[in-house]
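Subject: Handover of a structure

Hello,

I am passing this structure on to you. Please open it first, then read my notes below.

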Amino acid sequence: MMKRILSIFAFMLFSCSINDDQVTYEEKIVLWANLRSNFPLIDTVFVSKSASLNENIPSKDLWIQDAQVHIIGDTVNLYLYPIPGAAGRYFTNSNYIFKGGETYKVQAVVGDDTVSGVTTIPEKMEILSLIHISEPTRLGMISYAVFCLK
């Protein structure tokens, strides 16, 4: 039995070598947005550069301030403006309400590079159950709510 275990261990050890030096890091544009059904855009859209784990660069230097950012849907093409004093953050002055069941594309153009993501906002969110947990502490009561979503 011990011989079999050692054989399996040796096989795993020598057959699963990972050589991290084979992967060459390539800087990318990172785009983040939060679209909610039946709401206007309530959070900023973020645009930044990625960085290698080996780079010693402050995160504030990764924010992109000169992107052309759009949210495009079947009936809308919103231009997002840079927020003064908040590098890498973009917002719109539109009160457009995002609709459930519709597909939207969020796109950022930086120089010759373009990054985009497409999402379909769910039409509805069903809550199957709600579990409420209360935990007494010395300083008071801590409550948690756990939602089980469909």
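Here is what was found, from the overall picture down to single residues.

First, a caution. This is a predicted model. The mean pLDDT of the protein is 80. Of its residues, 67% reach 70 or more. Confidence peaks in strand 5 (residues 89-91), with a mean of 96. It is lowest in strand 9 (residues 141-149), where the mean is 53. Where pLDDT is low, the predicted coordinates should not be read in detail.

Now the layout. The protein has one helix and nine strands. Along the sequence the helix comes before the strands, in the pattern α-β-β-β-β-β-β-β-β-β. There are 150 residues, and 21% of them count as buried. The accessible surface comes to about 11,500 Å². Carbon and sulfur atoms hold 57% of that surface. Take the contacts in the protein with a separation of 6 or more: 41% of them join residues 24 or more positions apart.

Next, the sheet. Seven strands form an open sheet. Their order is 1-2-5-4-3-6-7, and the pairing is antiparallel. Strand 1 (29-32) and strand 7 (113-120) are the edge strands, so named because each pairs on one side only. On average, neighbouring strands of this sheet are turned by 25° against each other, direction ignored. Strands of a sheet pair through backbone hydrogen bonds, either parallel or antiparallel.

Look at one edge in detail. Strand 1 pairs with strand 2 in the antiparallel sense, over four bridges. Ile29 has Lys49, in strand 2, as its bridge partner.

Then the core. Which residues of the largest nonpolar core touch the most other members? They are Leu35, Val47, Val69, Ile71, Leu80, Phe98 and Tyr104. The core has 20 residues in total. Four strands each supply at least two of its residues: strand 2 (45-49), strand 3 (68-73), strand 4 (77-82) and strand 6 (103-110). Strand 6 gives the most, with four residues.

Leu35 is a good place to start looking. Leaving out residues up to four places away in sequence, Leu35 touches Leu41, Ile71, Phe98, Tyr104, Val106, Thr119 and Ile121. Among these partners, Ile71, Phe98 and Tyr104 are also on the list of core residues that touch the most other members.

In viewing order, I suggest the sheet, then the core, then Leu35.

Best wishes

How values were computed
Residues are numbered from 1 along each chain as its sequence is written. This is a predicted model: local features need pLDDT of at least 70, side-chain atom pairs count only at pLDDT 80 or more; totals for chains, interfaces and linings use all residues. Side-chain values use heavy atoms; hydrogens and water are left out. Buried means under 20% relative accessible area, exposed over 50%, partly exposed in between (1.4 Å probe, protein chains only). Contact means heavy atoms within 4.5 Å. Accessible areas come from the Shrake-Rupley method with a 1.4 Å probe; for residues, only the protein chains shown count as cover. pLDDT is the predictor's confidence in each residue, from 0 to 100. A nonpolar core is a set of buried Ala, Val, Leu, Ile, Met, Phe, Trp, Tyr and Cys residues joined through side-chain atoms within 4.5 Å. Two strands pair if DSSP finds at least two bridges between them. Axes are lines fitted to C-alpha atoms, for helices over the stretch in contact, and angles run from 0 to 180 degrees between N-to-C directions.
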